[in-house]
Structures are given as C-alpha cells and as structure tokens.
Amino acid sequence: MDGQDGKAGARHYRACGICEAICGLAIDVRDGVVERIEGDPDDPMSRGYLCPKAYAALDLQNDPDRLRRPLRRVGDDWEPIGWDAALDLVAGRLHEIRARAGADAIGVYLGNPVAHSLGAMTHPRYLLGQLRTRNVFSATSVDQLAHHVAAYWMYGHQMLIPVPDLDRTRYLLILGANPVVSNGSLMTAPGMPRRLRELRRRGGRLVVVDPRRTETARVADVHHFIRPGTDVYLLLALLQVIFAESLAAPGRLHAHLTGYERLPELVAQFTPERVAPVTGIEAAHVRAIARDFAAAAAAACYGRLGVSTQAFGALCQWLIQLLNLVTGNLDRVGGTLLPAPAVDLVAQGLLGRGNPGRAHSRVSGRPSFGGELPAALMAEEIRTAGEGRMRAMLMIAGNPVLSTPGGKSLDRALPTLEFMVAIDYYVNETTRHAQLILPPTTPFERDHYDFASFSFAVRNTVRYNPPLLARPAAALHDWEIVAGITERLAVLGGRRPPRRRAPARLLDVALVHGPYGRRRGHAAALSLARLRAAPHGIDLGPLAPSLVQRLATADRRIQCVPEPMLIDLSRALRVLANPPAHGDDTLLLVGRRLLGSNNSWLHNYPRFTRGDDRCVLLVHPRDLGARNLADGDSVRVEVAHGGVEVRVRADSAMMPGVVSLPHGWGHSGPGIRLAVASRQPGVSFNDLTDAACRDELSGAAVLNGVPVRLVLRRGP
Ligand SMILES: Nc1nc2c(c(=O)[nH]1)N[C@H]1C(S)=C(S)[C@@H](COP(=O)(O)OP(=O)(O)OC[C@H]3O[C@@H](n4cnc5c(=O)[nH]c(N)nc54)[C@H](O)[C@@H]3O)O[C@H]1N2
Ligand SMILES: Nc1nc2c(c(=O)[nH]1)N[C@H]1C(S)=C(S)[C@@H](COP(=O)(O)OP(=O)(O)OC[C@H]3O[C@@H](n4cnc5c(=O)[nH]c(N)nc54)[C@H](O)[C@@H]3O)O[C@H]1N2
Ligand code: SF4
Ligand SMILES: [Mo]
C-alpha cells in the first residue's frame, strides 16, 4: 500500500534524496513512525540497491538537535520566533539593506541539498528575481562547474553533459572519482558495485586513475597512481597517441564537428614520454590505455571531483569529451550518451545556457558562469570595504564554512555581516553566524522529484513520491519559506508578488509538456497524476544517441577547440615547462569520501559515527618513515596560511608523496549545536585550501593537490 501519511502498518515507496543515486526505498511505517527501510526491488533504476545512508533521512527526522521551529539570535543564545514574525523580519532587513546599499549588498549561497529537493529547485529563482544581485553563489563552484563550462563551450549548453553508458560499455576509464563509495555523480547509477561487476562479467575492462588505490580501484582491472593535478597532461598524451597511431575515428559525428582538423597538431607535443615524469604514469602504460580505449567495442572515459576541482579542471573535462569523441564513443551506445529525462531542462528552457561573463565580481573581477560567481569569493566580497560590499547573506541548505576553500576566512567574515539568515535544520559551523535560522520540513515530510539526477542518469526513468509523513502543523517547506520571503520583498518594493504555485503544480506542467508528456502525445503520457499512480517509478528505457539534434551551439556543430580552451592550454603548457617548485618535504593533499558520510551534514547521527578512523590523514608508510612519524601520531598539517592537527594512518594504498583527508569535518566552533558530531569533531579540510587557488578557466576551487607539510605535534 502506498499512502500519503503513514497509516497503521503501511509500506511506502519513495526515492532517497541524499545523493545523486536516487535509490528507490521501501519504507514500513506504523502509526506515523518509520520502522524499516529497504531497497525497492521494483525501482526501474536501483532495483533494490541502497547504501547505509538510506537511513540518514530517518536519523535527521529523529535527531533531537534538528531545529523544529525558527530561531532568532539574542546575544550568544537563541530564542524561538513565530514564522510570520521571522519572515517579516527577514524581508524587512533585506529590503532595508538593499534600499540603502544596493542590490549587490545581498548575497545568496545555495548548498548541495538544494539539488535534491523539488521545492528548493523550483522556488529560489523567484527570490533571485526579486533580489537581482550579482552575488549569487552555490556549491557548483566547489563541485561540477568544470563540466558545465566544457559542455557550454563544446555543445552550447551547460547541461548537455553526456554520461557513461555504464550498463553497455566495454571499457570504462575513470579519473578522479570513486563511485563505489560516492555512488556516482553526474552519473546517476545506483548499485555501482553491481554495475561494475557486470561490466567485468561481460568482458569489459575497468581502469582507474587516482592517487589513492580507492575502493573503486580495488575492483578495477588496472589502477594507476597519478600525481594530483596532472590529469590534463595524461589526457593530452592519450590523444597524442591516438592521433599519432592513426587510431582516431569519430565516425558518424565527423560531419558535425568544427575545429577537428586542428586537434592532431594541438596535442602533438604531449607525447607519453614527455608527460610521464610529471604525471608519474609510465609512457608504456599511457600507450596501452590509448590503444585499448580506441580498440574497445565501446568505451567511456569519465572524470569527476578529483579532476573537476583541480587547477586544470575545465581543460580536463574538455579533453575527456575529446577522448570520447575522437574514438567514436561520444553519443554512441556503450560510450557516453545524453540522458533524455522526463523534464528536459535544456529543451524546455528551464535552465540558462551558462552565459559566461554576464557579471563580474566586485573585488577580483572574476566572471560569472550560469548566473553565479565562485563561492570562494564570498569572504572577500564581505570583507572588502567599498560600494557594493556584501552586507547581508541568505544561506540556503549549505555549510560553506566547511565546504568552500579558505573556510576559516569565511568563518571570520560572516560575523561582520549586518544580517544573515539561514534556511537549515541545524545550528552548525555556518548557520551559527546567522541572526535567524529557519528550519524547513524534512525529506520525509515533503514530496520528492529529482530534476538534476534524472538529467544525469545512466538509464531514463522517472519517479515522483508524495510525502511519507504528515508535517507538523506549524512547519513550512523550503519552498514556502523562500516564497514567504519573496512575496514580502515584492510587497515592500511596491511590486506585485509572483503567483504562488506549489512545486508539484510546476512539475506537472513541466511533465505534460516534456518529451514524454501527455500534451506531446507520447505513449508514456506523463503527468503528475500518472506518476502518482506509479510509486516505484516508470522506466523510460535505455539512453540513445541524440547529441546532434540537441546541440545548442550557434553553428549547431560540436566545437572541438573552443577559444577559451585554447588559451588555457597555453597555461597548461607553461606549467609543464615550469612545474611549481615545492620543498622536498612537501606532500600533496587530496580529498576522500567515506561511505557513511555526505559532505558536512551526516555527522550527528550515531549510526554513522562508529569507528575511530573517520577524519584521519592517510599517508604512505614511506612518507611517514621519512619524517620519523608513526601510524597513529598526531601531526600538524601545515600550509602557508595555517594548519590543522590530525592523526595519521599508514596506508600503502596511497601514492607516495600524496596524503588523503576527508572533507566536511571540523565541528568544533563555539555555539554549534551538534551534540554527537562535536564529540568527534575532526578538522576541516578547507582550513587548508586557499580561496585564491582556482581553475582559471572555470573559476572552480582547487580542492585537490594542495601542497602541505607534516610536523609532529609536540606535547600532550
Ligand atoms: N575540500 C573539499 N571541499 C569540498 C568537497 C571536497 O571534495 N573537498 N566537495 C564539494 C562538494 S562536491 C559539495 S557538493 C559541497 C557541499 O557543500 P555545501 O552544500 O555547502 O555543504 P553540505 O555539507 O552539503 O551542507 C548542506 C547543509 O544543508 C542542510 N540541509 C540538508 N538538507 C536540507 C534541506 O532539504 N533543506 C535545507 N534548507 N537544508 C538542508 C544541512 O543541515 C547542511 O547544513 O562541498 C564541497 N566541498
Ligand atoms: N559517501 C559519500 N557519497 C557521496 C558524497 C559524500 O560526501 N559521501 N558526496 C556526494 C557529492 S556532493 C559528490 S559531488 C560526489 C562526488 O563523487 P566522486 O567524484 O566519485 O567523489 P570522491 O570520492 O571525492 O572522488 C574523487 C577522487 O579523486 C581522487 N583525486 C584527487 N585528486 C586527484 C587528481 O588530481 N587526479 C585524479 N585522477 N584523481 C584525484 C581522490 O583520491 C578521490 O578518490 O559524491 C557524492 N556521494
Ligand atoms: S546511494 Fe545515495 S540515494 Fe542510494 S541509498 Fe545511499 S544515499 Fe540514498
Ligand atoms: Mo557535490
């Protein structure tokens, strides 16, 4: 029985919205209490898979530290405030600051969970429409921005990002991703371990390039260590081999390419021999990968966070597209394909193309992309005096003190704001600086549809689920909070408020007009009602070639050599000729994700905090020995602008010279109300990253390959 509100002993079906895998869950509810969560075997994409984090939404639901009503700060303490009073206060303050100091005085940051919440996806655009500030930031610039930039320049729209055709490929080359733990990103594919097993069972090969022998590398046929930040040279060398050995064959796409003939010359100097000393991967291995990739019946190259958030992230994503393209694997079954989701954000005009450089940041003049500025700039925009200084901030579902580079400086800047409001469940490292915290309903109390993940799924499916539990009488959804602020701002500004429509209504319109919609006369006849009647979701079939029809470039062709890439390639060449000089004792720090964790916000749930190995620094035994350090020692990890203290763990799965630390920890600031997380606070990775270090082309933060030194901590 699927039902709305947890009647006695009912089994409900809904998708998990914690990460991009959107696993179908079967949830037993008795008398309004969740008793059990299992994988939903009838979900057409996840087929029963779930990971331990499927219980995270339940833990959030029951967490005594979760805020149940709005709080207003009074000195160092908080007191409850009613919703109307809270929303009046927010709108009043924002309106006043905007009138006095201009539209750009108000900044907005949108965190990662926004992408997994139907209402948080549909409604902030109306608020941004009222605010009209250039100071819009999000987790995108500490995440997938490089992919959007490459897609924009090559295919004409930031959302035209092909995904590996995982279930049919015969050769998967993974750079800088660990999907066995992360469950895949820009590749919605629940059940990664099974899918990778199946790849190998059908005779396919899995090759992983990562400075750590990761959980994914362990199930691969081949794993190569790579020196962090040098993937751009590996990719150039792979292309060099393919052209030099006449292995290039773009096939059907050949007629749709602009600039293809320039490629052989562009990559000619990046021979495997030339780049091997930089990447650490032997020339013979590079040649083998290039030949196998080109020879495979179908192959896909995929690179994620480890290559997106490094100094040449956008170049890497461009070169990955090219590698797939020149070997005939782009837009081919078993290669990489564009998903065809039920709501097509591109074709239906629901998301802008990307339009780089529409605005520039005030202090360092960085260009915007997709209407956003890099999140790393928030601190300087708050601190730097002058006209247009950011004086107020609205934080929606984000924790940038822990998640953005140079988090410490943001931590120091936020209290200098005139006003800050957070829409969040917790008093955490970021929200503690707010004057008001507005907690929304929980994932179980709202309906669910994941626009973003369906857009990057390895199979076309669709699923909508109504709320699992009734919401408490006085609770507001994310979208209602946002709409409440938006409407009040409009009234204060003497404008007519936008008409209030529930997210599900907007979704219905998008579905019926979408590619499988009732209005389109498609056999699936999708509408909200149709999805309500199919609680497990609906299978819309495997991905199919479609790139040519969907190209959004001016000449409707694929741009092989976009000008910005060419310019940035010369930067890569300069760095190759003059590699950064580090001291002998320098190690390069990279990130790591743990199965029972999701960025910064699942550390307050006892189920996920077992074990003492969570926020530890993995170091190769040889690197420990060279520093007279031993497994378990506490060390200070030093960078030029600071450092953190952390325990080391000897791990021969690390590439010598590289150390690994997870991000999202550091739950130790004064005033944080995370009782469980504070007991094992860990340290914040982003106290080591530098807000000024970015991928020049995309503006994305450099979160990997950070040069650090280790110093034994003296005393107790
Ligand atoms: N060094 C380093 N830094 C990184 C990364 C890395 O690998 N290394 N990864 C980066 C990546 S990929 C990402 S996506 C970012 C994430 O960065 P952020 O999005 O800034 O941070 P999160 O840790 O996801 O915090 C989410 C916040 O939203 C709240 N929240 C959860 N669900 C909801 C909801 O439904 N509504 C509302 N209103 N609030 C909610 C949580 O309580 C939490 O405070 O971090 C980035 N930072
Ligand atoms: N359990 C868990 N799952 C998650 C999350 C989580 O926090 N925990 N976060 C979710 C989010 S928001 C995202 S965006 C995805 C991210 O999904 P993934 O990209 O799969 O996540 P990571 O585990 O960060 O993988 C990055 C890998 O890059 C490697 N690496 C670092 N530097 C380099 C480099 O220079 N070159 C190469 N080749 N490799 C490098 C790291 O060692 C690491 O193994 O995961 C999602 N899923
Ligand atoms: S893999 Fe992601 S979507 Fe699936 S159960 Fe785990 S957290 Fe939820
Ligand atoms: Mo992310």
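These legends accompany a set of close-up views of a predicted model.

**View 1. Inside the second largest cavity.** Welcome to one of the enclosed spaces: the structure holds 10 cavities of 30 Å³ or more, and the second largest has about 110 Å³ of space. It is lined by 14 residues, with His147, Ile161, Pro162, Tyr302 and Gln321 closest to its centre. Strand S8 (163–164), strand S13 (299–303) and helix H14 (313–326) are the elements that contribute two or more residues to this lining. Helix H14 gives the most, with four residues. If you like to sort a site by residue class, the lining divides into eight nonpolar and six polar residues, with no charged ones.

**View 2. Asn324 in helix H14.** Staying with helix H14, we can pick out Asn324, which has its place there. Is Asn324 buried or exposed? Asn324 counts as buried because its relative accessibility is 1%. Leaving aside residues up to four places away in sequence, Asn324 touches Phe293, Ala299, Ala300, Cys301, Asn329, Leu330 and Thr336.

**View 3. The largest nonpolar core, seen around Tyr233.** This core has 110 residues, and the ones that touch the most other members are Leu173, Tyr233, Tyr449, Leu526 and Ile558. Helix H9 supplies the largest share of the core, 11 residues. Which residues does Tyr233 touch, not counting those up to four places away in sequence? They are Phe270, Val275, Val278, Thr279, Phe312, Ala572, Val575 and Leu576. A second, separate core has 31 residues, including Trp83, Leu94, Leu127 and Leu489. As background, nonpolar side chains in soluble globular proteins tend to be buried together.

**View 4. Helix H11 and the helices it packs against.** Two of the contacts of Tyr233 from the previous view, Val275 and Val278, return here. Helix H11 spans residues 272–279, and its buried residues are Pro272, Val275, Ala276, Val278 and Thr279. These buried residues pack against helix H9 (231–244), helix H12 (283–295) and helix H23 (563–577). Have a look just past the end of helix H11 as well, where Gly280 takes a positive phi of about 85°.

**View 5. The second largest pocket, with helix H23 in its lining.** Helix H23 appears again, this time at an open site. The second largest pocket contains about 770 Å³ of space. Among its 29 lining residues, Pro228, Pro580, His582, Leu588 and Gly705 lie nearest the centre. Helix H23 and strand S26 (706–712) each supply at least two residues of the lining. Helix H23 gives the most, with three residues. By class, the lining has 17 nonpolar, eight polar and four charged residues.

**View 6. The surroundings of ligand 3.** Here the ligand is the centre of attention. Around ligand 3 are Cys16, Ile18, Cys19, Ala21, Ile22, Cys23, Cys51, Lys53, Ala54 and Asn183. This shell divides into eight nonpolar residues, one polar and one charged.

**View 7. Helix H20 under its cover.** Helix H20 (residues 503–512) is mostly covered, with eight of its 10 residues buried. Which are the buried residues of helix H20? They are Pro503, Ala504, Leu506, Leu507, Asp508, Ala510, Leu511 and Val512. The cover over these residues includes helix H3 (118–122), helix H4 (124–131), helix H18 (451–454), helix H19 (478–492) and helix H21 (528–532).

**View 8. Glu381 in helix H15.** Glu381 is found in helix H15 (residues 378–383). Glu381 counts as buried because its relative accessibility is 0%. Its contacts, not counting residues up to four places away in sequence, are Asn135, Ser361, Arg362, Val363, Arg389 and Met390. For a longer reach through the model, Glu381 and Ile672 are 291 residues apart in sequence, and their C-alpha atoms are 25 Å apart in space.

**View 9. Ser246 in a loop.** Our last stop is the loop between helix H9 and strand S12 (257–258), where Ser246 lies. Why is Ser246 classed as exposed? Its relative accessible area is 64%, and exposed means over 50%. The C-alpha atoms of Ser246 and Pro264 are separated by 10.0 Å, with the two residues 18 apart along the chain.

Notes
Residues are numbered from 1 along each chain as its sequence is written. Chains are lettered from A and ligands numbered from 1 in the order in which they are written. This is a predicted model: local features need pLDDT of at least 70, side-chain atom pairs count only at pLDDT 80 or more; totals for chains, interfaces and linings use all residues. Side-chain values use heavy atoms; hydrogens and water are left out. On a 1 Å grid over the protein atoms alone, a cavity is a set of points where a 1.4 Å probe fits but cannot get out, and a pocket is an open set with protein on both sides within 12 Å along at least five of seven lines; lining residues have an atom within 4 Å of a point. Grid points are joined across faces, edges and corners, and a volume is the space filled by probe spheres set on the points. Ala, Val, Leu, Ile, Met, Phe, Trp, Tyr, Cys and Pro count as nonpolar, Asp, Glu, Lys and Arg as charged, and the others, Gly among them, as polar. Buried means under 20% relative accessible area, exposed over 50%, partly exposed in between (1.4 Å probe, protein chains only). Contact means heavy atoms within 4.5 Å. A nonpolar core is a set of buried Ala, Val, Leu, Ile, Met, Phe, Trp, Tyr and Cys residues joined through side-chain atoms within 4.5 Å. A residue is near a molecule or strand if one of its heavy atoms lies within 4 Å of it.
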